[in-house]
Amino acid sequence: IQLRTAREQIAEAEIQAQAAVRARVKQDQQLTQLTKTYEIARERLADMVRQREELDEAIDEAEGKLKN
């Protein structure tokens, strides 16, 4: 049975802690990116709805002119 020194155990714990921190940072970065992507998608959807409303108005106007 190998006995590890306290220093070896501390060094291993530090390595594990650093890995956990890196994983958390990566998760935070992914969440930030997903949040930005969602915000951009919501803005694009709002633009598309406005464009549809403008087209609906133009179509209604053109149909009205053609009926007269």
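Which side chain does R50 meet in a salt bridge? The partner is D47, with 2.3 Å from N to O. A salt bridge here is a side-chain nitrogen of Lys or Arg within 4 Å of a carboxyl oxygen of Asp or Glu.

Before going further, a word on the model. It is a predicted one, in which local features need pLDDT of at least 70 and side-chain atom pairs count only at pLDDT 80 or more, while totals for chains, interfaces and linings use all residues. Residues are numbered from 1 along each chain as its sequence is written, and side-chain values use heavy atoms, with hydrogens and water left out.

## Overall form

The protein chain has one helix and zero strands; helices (H or I, at least four residues) and strands (E, at least two) are DSSP runs, numbered from the N terminus. Helix α1 covers residues 6–67. Along its principal axes, the C-alpha trace spans about 95 × 15 × 5 Å. The radius of gyration of the protein chain is 29 Å, whereas a compact globule of 68 residues would have one near 11 Å. That radius is taken over C-alpha atoms, and the globule rule is 2.2 Å times the number of residues to the power 0.38.

For a sense of the spacing along the chain, take Q18 and Q30: they are 12 residues apart in sequence and 18 Å apart in space, C-alpha to C-alpha. Q18 has its place in helix α1 and is partly exposed, because its relative accessibility is 45%. The classes used here are buried (under 20% relative accessible area), exposed (over 50%) and partly exposed (in between), with a 1.4 Å probe and protein chains only.

How many of the 68 residues count as buried, in percent? The figure is 0%. The accessible surface of the protein chain comes to about 6800 Å², and 55% of it belongs to carbon and sulfur atoms. Accessible areas come from the Shrake-Rupley method with a 1.4 Å probe, and for residues only the protein chains shown count as cover.

## Salt bridges along the helix

A search of the whole structure finds three salt bridges, listed here.

| Pair | Closest N to O | Separation in helix α1 |
|---|---|---|
| D28 and R24 | 3.1 Å | four residues |
| R50 and D47 | 2.3 Å | three residues |
| K65 and E61 | 3.3 Å | four residues |

Each separation is about one turn of the helix. As for accessibility, R24 is exposed because its relative accessible area is 52%, while its partner D28, at 35%, counts as partly exposed. R50 is partly exposed at 44%, and so is D47 at 32%. K65 counts as exposed, since its relative accessibility is 58%.

## Charges

Lys and Arg count as positive and Asp and Glu as negative, with His and the chain ends not counted. The protein chain has 12 positive and 14 negative charges, and their mean positions are 8 Å apart. The place of a charge is taken as NZ of Lys, CZ of Arg, CG of Asp or CD of Glu.

Which residues gather in a patch of negative charge on the surface? They are E53, E54, D56, E57, D60 and E63. Patches are made of residues with over 30% relative accessible area and no salt bridge, like charges being joined within 9 Å and nonpolar side chains (Val, Leu, Ile, Met, Phe, Trp, Tyr) within 5 Å. Of this group, E63 lies in helix α1 and counts as partly exposed, because its relative accessibility is 41%.
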